[in-house]
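Reader: Hey, can we go through the charged contacts in this one? I'm new to this, so plain words please.

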Amino acid sequence: MRESKLLIYGATGYTGRLVTAEAVQSGLRPVLAGRDASRLAAMAPIPGLETRTVTLDEPDRLAAALEDIAVVLHCAGPFSRTALPMYEACLTTRSHYLDITGEIEVFEMLAARDAAAGEAGIMVLPGVGFDVVPSDCLIADLAARHPGGRVLRLGLGARSRTSRGTTRTILESVNNFRIRRDGVITRVRPGQLHHEFDFGEPPRAALVSVLGDVSTAYRSTGIADIETYSQANRLFSGLTRMSRGFGWLLAGRTSQALLNRLVDRGPEGPSDSERRRSYAILVAEIEDAGGKRAAARLRTPDPYGFTAMTAVAIAARALGGDVKVGYQTPSSAYGADLLREFEDVQWELLGCQATAR
């Protein structure tokens with residue numbers, strides 16, 4: 001029956017496989033979909049699930065593949081290219097749309113289509129993994145505790161190797177760092193802004209980066225000035241310097257093609273043993289018009305495994321009819337307490353943070 005069917009698109013990818021395993025372990029029986037029939041067939045004997053081969057550039061076939069699907073969990077990036085065709089298919093079939101993007105332009109694109117989603121009676125909830133679920137819940141909780149926030153800053157410190165998909169997304173944004181000022185998304189130079197956060201471990205310094213919360217936090221809290229940062233470890237500091245000096249060159253089509261070929265030669269993502277040692281730290285800080293600041297910090301386990309957990313938990317809610325029609329963020333759909341449902345998340349309130357320089 002339609003109301004019991006979840007489709008995972010991009011199920012053969014690195015994160016898609018983790019999501020599929022989590023779904024099966026949680027008792028769900030998802031339909032697995034993607035563009036490569038042989039890779040889907042290789043997965044099918046393991047969970048014994050139905051598979052559907054379809055590409056995103058075949059709108060009629062894609063809509064036909066979703067005709068009996070209640071919820072789509074879209075895991076095939078880069079979402080700047082894949083989100084819109086899947087969203088449009090979901091509109092046609094009135095299937096709820098979820099994805100695991102962290103890309104600002106995707107959040108903005110789907111938010112601009114809120115009215116169409118409302119007319120179709122579907123929920124459109126991008127960013128059901130890491131980032132955005134933990135950061136959005138952390139931010140929404142802090143904003144509710146301290147109303148009147150004027151500036152929001154978010155710092156990320158990750159101890160995890162990135163997957164190929166994440167690396168490609170980072171490379172796409174190498175010359176396109178953005179913040180929000182007076183409600184408008186604005187480009188800034190790499191390294192132009194820096195800030196200090198209490199990550200609970202050194203370094204405290206962080207450099208401006210590109211996180212999806214520049215979009216989602218605005219809709220979750222209404223705060224008009226939003227900055228996102230990444231901890232200034234050796235890797236990110238080097239990337240910032242490279243972006244500042246050669247970002248215009250690296251963003252070119254030829255350079256992007258070369259960089260993507262290099263990415264394809266590397267590991268698909270962290271190994272199981274690496275993921276067991278991985279974690280991430282998020283620090284949110286809100287400042288009001290009087291300069292008074294409040295902050296909170298949380299630590300999550302391995303971002304990729306955590307993405308699988310949060311994505312499947314949200315998909316299960318949507319399958320059960322727990323949806324909010326239209327464009328949503330994780331906290332607008334399910335409240336900031338959504339994050340408290342997951343084990344191994346350490347969440348604490350902090351004192352004041354240093355002022356940005």
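Reader: How many salt bridges does the structure hold?
Author: It holds 23 salt bridges, where a salt bridge is a side-chain nitrogen of Lys or Arg within 4 Å of a carboxyl oxygen of Asp or Glu. Keep in mind that this is a predicted model, where local features need pLDDT of at least 70, side-chain atom pairs count only at pLDDT 80 or more, and totals for chains, interfaces and linings use all residues. Residues are numbered from 1 along each chain as its sequence is written, and side-chain values use heavy atoms, leaving out hydrogens and water.

Reader: Cool. Which residue does Glu227 pair up with in a salt bridge?
Author: That's Arg153, at 3.4 Å from N to O. Arg153 sits in strand S7 (residues 149-159) and Glu227 in strand S12 (residues 225-231), 74 residues apart. Strands here are DSSP runs of E, at least two residues, numbered from the N terminus.

Reader: And is Arg153 buried or exposed?
Author: Buried, at 6% relative accessibility; the cut-offs are under 20% relative accessible area for buried, over 50% for exposed and partly exposed in between (1.4 Å probe, protein chains only). Glu227 is buried too, at 5%.

Reader: What about Glu285, how far is it from Arg153?
Author: They form a salt bridge with the closest N and O atoms 2.6 Å apart. Glu285 is in strand S13 (residues 279-288), so this pair ties together parts 132 residues apart in sequence.

Reader: Where does Glu287 come in?
Author: Glu287 also has a salt bridge with Arg153, at 3.1 Å between the closest N and O atoms. Through shared partners, Arg150, Arg153, Arg181, Glu227, Glu285 and Glu287 join into one network.

Definitions and conventions
Helix = DSSP H or I, 4+ residues; strand = E, 2+ residues; numbered from the N terminus.
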